[in-house]
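Colleague: Before I use these labels in a talk, could you walk me through how each one was earned? I would like to hear the value and the cut-off side by side.

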There are 2 protein chains.
Amino acid sequence: MLSDSEIAKQSQPQPISEIAKSLNIDEQYLIPFGNEITKINISALTAPSQQKDSKLILVSATTPTRAGEGKTTTTIGLGQAFTQLGDSVCLALREPSLGPCMGMKGGATGGGYSQVIPADRINLHFTGDFHAITAANNFISATIDNHIFHGNALNIDPRQIVWRRVMDMNDRSLRKIVLGLGGKMQGIPREGGFDITAASEIMAILCLANDFNDLKRRLNNTLIGYSYADQPIFVKSLGITGALLALLRDALHPNLVQSLEGTPAFIHGGPFANIAHGCNSVLATKMAMHHAEWAITEAGFGFDLGAEKFFDIKCRMAEIDPAAVVLVTTVRALKMHGGMDKNHLTTANTEFVTQGLENLDKHIENVQLFNKNLVVACNRFADDTDEEIAIIRQHVEDKGLLFAESNHYAEGGKGAIELAEKVKLAAEDSKPFEPVYYLQDSVIEKIRKICTAMYGAADVAFTKEAEKDLRHVEKLKLTMLPVCIAKAPSSLSDDPMLHGRPRDFQVTVRNIQVNAGAGFLVVLTGDIMRMPGLPKEPAAMNIELLPNGDITGVG
Amino acid sequence: MLSDSEIAKQSQPQPISEIAKSLNIDEQYLIPFGNEITKINISALTAPSQQKDSKLILVSATTPTRAGEGKTTTTIGLGQAFTQLGDSVCLALREPSLGPCMGMKGGATGGGYSQVIPADRINLHFTGDFHAITAANNFISATIDNHIFHGNALNIDPRQIVWRRVMDMNDRSLRKIVLGLGGKMQGIPREGGFDITAASEIMAILCLANDFNDLKRRLNNTLIGYSYADQPIFVKSLGITGALLALLRDALHPNLVQSLEGTPAFIHGGPFANIAHGCNSVLATKMAMHHAEWAITEAGFGFDLGAEKFFDIKCRMAEIDPAAVVLVTTVRALKMHGGMDKNHLTTANTEFVTQGLENLDKHIENVQLFNKNLVVACNRFADDTDEEIAIIRQHVEDKGLLFAESNHYAEGGKGAIELAEKVKLAAEDSKPFEPVYYLQDSVIEKIRKICTAMYGAADVAFTKEAEKDLRHVEKLKLTMLPVCIAKAPSSLSDDPMLHGRPRDFQVTVRNIQVNAGAGFLVVLTGDIMRMPGLPKEPAAMNIELLPNGDITGVG
């Protein structure tokens, strides 16, 4: 099979203005970046919609292997299938982060015959949204240290600054630093560090903002640290919110591109799926729903981690509700959950598949907990056998549920026609979603409900540190916020090594952090990485710029 | 008078595609960023030019006050005057840096009726060039630390890494840091720090590169540090040059905008004018010359600092040669040089103006040292009196030289008609420039020639450290490189407090740094700031985003 970039080379993309026109977006709202990418001004949302009954489809997955189960590729393939069926459809996806693209993971624009293009631009700087978020985040940091340097009128305690700098880079050496060294003219020495830009609260804020007023409100509410008198200090008191809004103005407008088969795709925002909510921007989702009958979106990691946040945080805040859920699984993931050695997942083995079904079952239960119809989609890989896939189909259909094998990677939209048709069936009698917890629940109750109902835990324990954090949240009167649990993505439990369907385990909550601007409490279980490192042989070593201007090795 | 943004609001810009068309640039070379900005693919330079005899004009200045003497504004005004006279003209200017725009200085898009637009976009993220440079610079850093972390096959000595991280931010707390803290999994602890992006060698490299091959060669040649065996280590050995080229691909294409009066302007690259050469990119200058009869460009700080580098570094490397020089001066600068209290420079006083003429005289001599014709332009400010300006005119014309008062700030191109006409006269019998030194000269000789001939120094002293650096340069066999002297911009000497025309002073060279990729030796005299700090009340506090999407307080 051809490489992703060879396949992309063969496609014949339409001018992006034509794609926008196909969505009935008036030309006045376009902010083009070359001929292949355009931002769409969010004021397009105030124009009358022809899609009163737009249906949103959420693509999520079973507990992923390290390589991922192909949620993005499935989302793109499903969109292309709708296009092939003649339906009005639009995707809403996350923006790739530069750091992982240079490091381990490579790009994030799909693969095979299910890609969004142009992959090189989308994976590298795209329209500069991540850079704008980096600049806004770090201008807050520079302002904090500068404020202390110039007399510290706000009485900020340098030991209690919770706001960290960010960089869109995998750079482990910046995780923990001492800054402000060099003497009286160089600032105040203190501990600090950098997270990757995708982990910035500004990213979460941008992705949850409904408009510029909401963005302003969230920025103002962002907690940056505490005074020597232990009083909270918010961005508002720095007096730079106008500058932050200016830095983020263009970044708030969603980016429109197309798939290999001309399916329109908004790609906008890319927050982490553990310490943040892990979905593309609310505005991109709304834009897709405003302009197409079918809007297809995804949520990061497995259903327990990403989709829970999609419903309990994003849908609740944005007042949206998907008509159905696609639960992506793979033969190799189920084999891993069935106990197979991770290095031999490409070897055919029906027994391990069967044993791994309990992971799928738990995710199915979780979808139903939210009161949603679903289709289980088996994303076919080249090594999968028909027998292995038949086991999954039989298991799902025996429950009276919808199943589709999807071969969009090798075949594009054509390979996802069965999936598209099942999705239409699933979306027919949609009921409103039921959240896992209510905002009025206590923080402990919220966490307990997610851990027991979603993860299948027997119990939740709180460290002394977490209990202290809880009292702090109470003091700040922020107990009404939803919770965003950071947990190992490779397990339903908080132990990354427990595959399958763990039972009788206890989740330990170590810390609770306040993201008052984003509007949630970050609940940390285990060590969560906010700044990845590069591997010994970074993916960047295979990136080349060709004489014709093409870039290979990205995406 | 109206504010800059009010004036800009009244202008009626043409679509940027029309501006490109007016330069006979074929549509295929355009990479539009909205309707007001486009990149022009550098392959446009390979299309046949209709401008075989294009004349380049360099705008420089006398020793500036802290506010600057309006070189950029004069350059824009002069270009507008050429447009008004019906001439084919194109500007080539530097890109503003975000850091100073948020801090002390504000934007850098001209002012009054001589501005380039859209000021908000140009001053904030523009087309992302600075962000791309930041990413490329910091990916080198991340790769260095990652290489050491994974076994250090290159034997890099962490105490001898000369490559620093950068950020486009005024953030003094990052000048000196300790990074890699936190234990075995977080990297190797070492000293480090951040410069502002404009001070990155990548910025200088991008601005001096003639094409992608030249960019690749320069990146490969960039020195990043030394091994434990004191051997130099270059970027090439990191194996990431392809990735760096990919990150910088779009950034290498110059950006085209327009002035308030529709004069085309390439705005591309913004290196510091002390530790780097301080001019817009070679490619932007060549693009302007390729597409217009008159190309007008500028060089940073005073003539001694910026224009010396323009000739001895940029013109020599790029094989270009200006037809004439505009030497911008102001009444207030000459009063400062005449000894007037800096806080009263707006008070009329002919005596101080007269006493300050010796600064102008030295700069005139310097222009003539390069064998160039010149026009002295007095950039008129609102408080200037006719008597003060008459003194300067008389003085210049008594020497048989060309003088023009320029009122472009208040009047736009119309206010610079006299200047444009004098520039045409000056450009009539241009002779090839004479460099101040030859590349074959020893490093000491190069430095001595600049210091004595340009600055008027009696002598040059080298610290022990500088002598050690010299031996190092010899060992690296890089003595053929041109030198880039970093010196106080507020004086012809290396003492920032010495105004007028200092005599009998000695320049002390403290350090000599190797910028092998950019292709020059950075000669440090005094403490040169590579990372500015924010003032107590940053300019950002006045930036606002209006409900209509306009940004005020920028530029």
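What follows is a friendly exchange about the labels given to this model.

Modeller: First the ground rules: this is a predicted model, where local features need pLDDT of at least 70, side-chain atom pairs count only at pLDDT 80 or more, and totals for chains, interfaces and linings use all residues. Residues are numbered from 1 along each chain as its sequence is written, chains are lettered from A and ligands numbered from 1 in the order in which they are written, and side-chain values use heavy atoms, with hydrogens and water left out.

Colleague: How do you know that the span of helix α3 of chain B agrees with its number of residues?

Modeller: Helices (H or I, at least four residues) and strands (E, at least two) are DSSP runs, numbered from the N terminus. The expected span of a helix is 1.5 Å times one less than its number of residues. Helix α3 of chain B has 14 residues, 71-84, so the span should be 20 Å, and the end C-alpha atoms are indeed 20 Å apart.

Colleague: What makes α3(B) mostly covered?

Modeller: Buried means under 20% relative accessible area, exposed over 50%, and partly exposed in between (1.4 Å probe, protein chains only). Twelve of the 14 residues of α3(B) are buried, among them B:K71, B:I76, B:L78 and B:F82. Just after this helix, B:G86 takes a positive phi of about 85°.

Colleague: Why is the contact of B:R165 and A:D171 called a salt bridge?

Modeller: The term asks for a side-chain nitrogen of Lys or Arg within 4 Å of a carboxyl oxygen of Asp or Glu. For B:R165 and A:D171 the N to O value is 2.9 Å, so the pair passes. B:R165 lies in strand β8 of chain B and A:D171 in the loop between β8 and β9 of chain A, so the pair joins two chains. Both partners count as buried, B:R165 at 3% and A:D171 at 1% relative accessibility.

Colleague: What makes A:E405 partly exposed, and what is its salt-bridge partner A:R380?

Modeller: A:E405, at 21% relative accessibility, counts as partly exposed, whereas A:R380, at 19%, is buried. The side chains of these two meet at 3.0 Å, N to O. The pair links distant parts of the chain, with A:R380 in the loop between β18 and α14 and A:E405 in strand β19, 25 residues apart.

Colleague: How do you know that B:K9 and B:D550 link distant parts of the chain?

Modeller: B:K9 is in helix α1 of chain B and B:D550 in the loop between β25 and β26, 541 residues apart. Their closest N and O atoms are 2.4 Å apart. B:K9 is exposed at 57%, while B:D550 is partly exposed at 23%. Over all chains the structure holds 60 salt bridges, and A:E36, A:D120, A:R121, B:R249 and B:D250 are linked in a network of them.

Colleague: What makes a space in this structure a cavity, and how many are there?

Modeller: On a 1 Å grid over the protein atoms alone, a cavity is a set of points where a 1.4 Å probe fits but cannot get out; lining residues have an atom within 4 Å of a point. Grid points are joined across faces, edges and corners, and a volume is the space filled by probe spheres set on the points. The search finds five cavities of 30 Å³ or more. The largest holds about 530 Å³ and is lined by 42 residues, with A:F33, A:T127, A:G128, B:F33 and B:T127 nearest its centre. The second largest holds about 220 Å³ and is lined by 18 residues, including A:H131 and B:H131.

Colleague: Last one: what is unusual to look for in the backbone?

Modeller: A cis peptide bond joins A:I117 and A:P118, with omega about 0°, and another joins B:I117 and B:P118, with omega about 5°. B:N152 has a positive phi of about 55° although it is not a glycine, and B:N152 is buried at 13%. B:N155 has a positive phi near 65°, and at 35% relative accessibility B:N155 counts as partly exposed.

How values were computed. On a 1 Å grid over the protein atoms alone, a cavity is a set of points where a 1.4 Å probe fits but cannot get out, and a pocket is an open set with protein on both sides within 12 Å along at least five of seven lines; lining residues have an atom within 4 Å of a point.
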